[in-house]
Amino acid sequence: MDRTLLITGATGTVSGALIEALHDCGFRLRALIRDPSKAEPLRARGIDVRIGDLDEPRSLPPAFEGVHDLWLVVPNGPRAAENNMNAVWAARRANVERVVRLSAVGAAHDAPTRSGRLHALSDHEVRRSGLGWTVLRPHWFMQNLLAEADDIATEGTFRLNTADGRLGMVDARDIAALAAKVLTDGPNHHHERIYTPTGPQSIGFADVARQFERVLGAPVRYVPTADDEREARLLGFGVPAWIVGMLTEYARAYASGWGDFTTTDVEDVTGRRPRGIADFARDHADAFTGGVSGGGSGRCGADGR
Ligand SMILES: NC(=O)c1ccc[n+]([C@@H]2O[C@H](COP(=O)([O-])OP(=O)(O)OC[C@H]3O[C@@H](n4cnc5c(N)ncnc54)[C@H](OP(=O)(O)O)[C@@H]3O)[C@@H](O)[C@H]2O)c1
């Protein structure tokens, strides 16, 4: 394949899994990162690393020059729509052919979260950009649970403010597998499609705890907490207030049943059933028992299974 793919968010969760899944797929891989000190592991994989900051449009054109396909991830934050705008501007300027954009579950102008409303603006921008486009609106990432790994490893409990809400949570590796298939299928195959990757099952965190117990062979308990308790804890860890507010909005939505659904998009596009929470717990058992987590595999479309 004689195409250059620019990967944004290249040091992040989904893009990291995407880089893994795209190994040996024939793309010339290029990564946009903002912190030069994070370049080496990407360069070691043969990836052409370019330094640029989505906050600063002037920094972007050299990274976009000669790019055919753009994997567009914007960080969660108040500048998300501006970051998307800067990337789409640079892509149009460089005659990029198509963009595959990571959005979020339920993105809509009347979404219950500020993140969902910002993603709706950026989805709209991409759809009207004149570029070929595909949008992925994944459900809650199982990888978010890694933030609770210390509590699970040391106390056998984790505390969230989603009450007994159920979510069609998805493993980020399955989002990446779907994205990799969209990208390798060529520019026209998934044009104007919106996918909502979810896991195979909609579950609440009490069920998550039970499945963790089975896999880890140690007691794990979910302790529902109040919003203000959760917020105080996150603020204490230094999480920015904007993000804390956004997380509470998601927690309220999930507690009300807003996320209680699954789709078949991962299996429909990739031909593989998405991972369940037990698979996720098994693959990250080291992290949840006090060790470190393992890596992936290495061929085109490989999803680490
Ligand atoms: N977590 C969920 O459950 C969930 C669910 C659905 C959708 N999403 C969406 O997923 C996206 C985040 O994906 P992720 O979790 O894979 O990312 P992530 O792990 O949070 O990483 C964010 C990436 O963006 C980079 N970045 C941050 N600011 C940047 C800037 N100004 N210029 C260039 N790069 C910048 C970071 O680089 P550094 O290494 O330099 O920080 C990092 O590579 C968000 O849009 C979020 O709304 C999340």
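Helix α1 passes helix α7 in a right-handed crossing. This arrangement belongs to a predicted model, and it offers a starting point for the helix packing. The two helices, α1 and α7 (residues 172–184), pack with their axes 8 Å apart and at an angle of about 55 degrees. An angle of this size falls outside the ranges for roughly parallel (under 35 degrees), roughly perpendicular (65 to 115) and roughly antiparallel (over 145), and α1 and α7 are therefore oblique to each other.

Helix α1, which spans residues 13–21, also takes part in the surroundings of the ligand. Together with α5 (114–127), α1 is an element that gives two or more residues to the shell around the ligand. What is the make-up of that shell by class? The shell has 11 nonpolar residues, 10 polar residues and four charged residues. Of the 25 residues around the ligand, those that come nearest are Thr11, Lys38, Asp53, Val74 and His119.

Individual polar atoms can be placed within this picture. For threonine 11, a polar atom of the side chain lies 2.4 Å from an oxygen atom of the ligand. For histidine 119, an N or O atom in the side chain is 2.8 Å from an oxygen atom of the ligand. Asparagine 144 likewise has a polar side-chain atom that lies 2.8 Å from a ligand oxygen atom. How much of the ligand's accessible area does the protein cover? On its own the ligand has 940 Å² of accessible area, and the protein covers 82% of it.

Helix α5 leads from the ligand back to the helix packing. Its partner here is helix α4 (residues 80–93): the axes of α4 and α5 come within 9 Å and cross at roughly 15 degrees. Because this angle is under the 35-degree limit, α4 is roughly parallel to α5. The crossing in which α4 passes α5 is right-handed.

A further pair is formed by helix α9 (residues 227–236) and helix α10 (residues 241–255), whose axes lie 10 Å apart and which pack at an angle of about 150 degrees. How are the directions of α9 and α10 related, parallel or antiparallel? Angles over 145 degrees count as roughly antiparallel, so α9 and α10 are described as roughly antiparallel to each other. Helix α9 passes α10 in a right-handed crossing.

Technical notes: Residues numbered from 1 in each chain as written. Predicted model: local features only at pLDDT ≥ 70, side-chain atom pairs only at ≥ 80, totals over all residues. Heavy atoms only, no water. Near = heavy atom within 4 Å. Polar contact = N/O pair within 3.5 Å; in protein donor to acceptor, adjacent residues only side chain to side chain. Areas by Shrake-Rupley, 256 points an atom, 1.4 Å probe, with all protein chains shown as cover. Helix = DSSP H or I, 4+ residues; strand = E, 2+ residues; numbered from the N terminus. Nonpolar A, V, L, I, M, F, W, Y, C, P; charged D, E, K, R; others polar. Axes fitted to C-alpha atoms, helices over the stretch in contact; angles between N-to-C directions. Left-handed = near helix turned anticlockwise from the far one by under 90°.
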